[in-house]
Amino acid sequence: MEPRSRSFYILSAFFGLFVLFLYGPTLTIGILSFQGEGGGLTFPMRGVSLYWFYDLFEQQAVGDIWGSFRRSIVLGLMVMVTTVVVSVTGGLAFRKKFLGSGILFYLIITALVIPSILVSLGVGLLFSQSGLNVHWSTSGFGAQLTWTLPFGLLIMFAVFNRFDKSYEEAARDLGASPWQTIRYVVLPIIAPSLIGVALFGFTLSYDEFARTLLTAGSYNTLPLEIYGMTTNVTSPVLYALGTLTTLFSLLIIGAFLTLALLSNRRKARAGSDAGRAV
């Protein structure tokens, strides 16, 4: 076996430092959340227990943790569904050139490079000056879509650029209507990509802070609530909340990845069955 070069070990060490920098803060918070009842916000730890996780479910003197959590879940689902629907319809529309398609494409991408806080400020001002209620389910919802829709549309553009149109032609030859072609041919084929778009939409909304800061109104989402708690909570209960929300995010990602895997297996099984039938 040929020996490893020096560059391999240098790059491996660099990658290890990168991973440590990326996940070190999360691991630190996770460790500190298991402190004993007399624990503080820094090392050294004072005992090991689940006290702060139990305390998290008690009535808190400040903040509305579980209310903000429910709002983030509802908002994330709203953004996820809207992102999937608009991304699919937009991807289908952009398969054929139409008047202004190029300008519209660049306008969509521009939303990604505009500073998030400016988007939040602009949407908040637009609603307040129009006499509309600034609320997480209206202005917050719209502000977050400026973040999730470009990602969803870019994914759909890539998917449809590689889509084999012969499947649609075969369906039409067999008498399928345009809607039946989309429902029974196109959507099952692109299902794994739709799961990816849904994952992007939910997680980007669930974690979004800047674009929700000035558009959530009187009721905070979870990221805003956590930020507010950092100014007046001086116990590891804040770390316990961070650990649970991180685990919840990983659980959501795992669920979406499982759905994508099952979808790929189902598609591969259907293809093998069709091959045997032929």
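In the predicted model, Phe105 is found in helix H4. Phe105 has a relative accessible area of 26% and is therefore partly exposed. Leaving out residues up to four places away in sequence, the contacts of Phe105 are Phe94, Leu154 and Phe157. Phe127 follows 22 residues apart from Phe105 in sequence, yet the two C-alpha atoms are 25 Å apart in space.

Helix H4 has a buried and an exposed side. Ser101, Ile108 and Ala111 are the buried residues reported for H4. These residues lie on the same side of the helix, because the arc they cover around the axis is only 75 degrees. Ile103, Tyr106, Leu107 and Val113 are exposed on the other side of H4. The cover over the buried residues of H4 includes H6 and helix H10 (210-213).

Val113, which lies in helix H4, has a relative accessibility of 64% and so counts as exposed. Val113 also belongs to a nonpolar patch on the surface, together with Ile114, Ile117, Leu118, Leu121, Leu125, Leu213 and Leu214. The accessible area of this patch is about 670 Å² in total. Helix H5 (residues 116-129) makes the greatest contribution to the patch, giving four residues.

In the interior, the largest nonpolar core has 22 residues. Within this core, Met156, Ile190, Phe202 and Phe256 have the most contacts. Two or more residues of the core come from each of helix H3 (65-93), helix H6 (139-161), helix H9 (191-207) and H12. Of these, H9 gives the most, with seven residues. For Phe202, the contacts beyond four places in sequence are Ile73, Gly76, Leu77, Met80, Phe248 and Ile252. A second core, separate from this one, has ten residues, among them Leu56, Ile65, Val237 and Ala240.

Leu145 is placed in helix H6. With a relative accessible area of 13%, Leu145 is buried because the cut-off for burial is under 20%. Leu145 touches Val79, Thr82, Thr83 and Pro150 when residues up to four places away in sequence are not counted. Between Leu145 and Val79, which are 66 residues apart along the chain, the C-alpha separation is 6.5 Å.

Helix H12 (residues 237-277) contains Thr243. This residue has 12% relative accessibility and so counts as buried. Apart from neighbours within four places in sequence, Thr243 is in contact with Ile29, Gly30, Ser33 and Phe53.

Side chains of opposite charge can pair when their charged atoms come close. The model has two salt bridges. In one of them, Arg71 pairs with Asp64, and the closest N and O atoms are 3.3 Å apart. The two partners differ in burial class: Arg71 counts as buried at 12% relative accessibility, whereas Asp64 is partly exposed at 34% relative accessible area.

The other salt bridge joins Arg95 and Glu168, with 2.7 Å between the closest N and O atoms. This pair links distant parts of the chain, its members being 73 residues apart. Arg95 lies in the loop between H3 and helix H4 (101-113), and Glu168 lies in helix H7 (residues 166-173). Here Arg95 counts as partly exposed, at 23% relative accessibility, while Glu168 is buried, with a relative accessible area of 9%.

The backbone includes a cis peptide bond between Phe43 and Pro44, with omega at about 0 degrees. Most peptide bonds, by contrast, are trans. Pro44 is placed in the loop between helix H1 (6-32) and helix H2 (51-56).

Key: Residues are numbered from 1 along each chain as its sequence is written. This is a predicted model: local features need pLDDT of at least 70, side-chain atom pairs count only at pLDDT 80 or more; totals for chains, interfaces and linings use all residues. Side-chain values use heavy atoms; hydrogens and water are left out. Buried means under 20% relative accessible area, exposed over 50%, partly exposed in between (1.4 Å probe, protein chains only). Contact means heavy atoms within 4.5 Å. A nonpolar core is a set of buried Ala, Val, Leu, Ile, Met, Phe, Trp, Tyr and Cys residues joined through side-chain atoms within 4.5 Å. A salt bridge is a side-chain nitrogen of Lys or Arg within 4 Å of a carboxyl oxygen of Asp or Glu. Patches are made of residues with over 30% relative accessible area and no salt bridge: like charges are joined within 9 Å, nonpolar side chains (Val, Leu, Ile, Met, Phe, Trp, Tyr) within 5 Å. Accessible areas come from the Shrake-Rupley method with a 1.4 Å probe; for residues, only the protein chains shown count as cover. The arc is that of the directions from the helix axis to the C-beta atoms.
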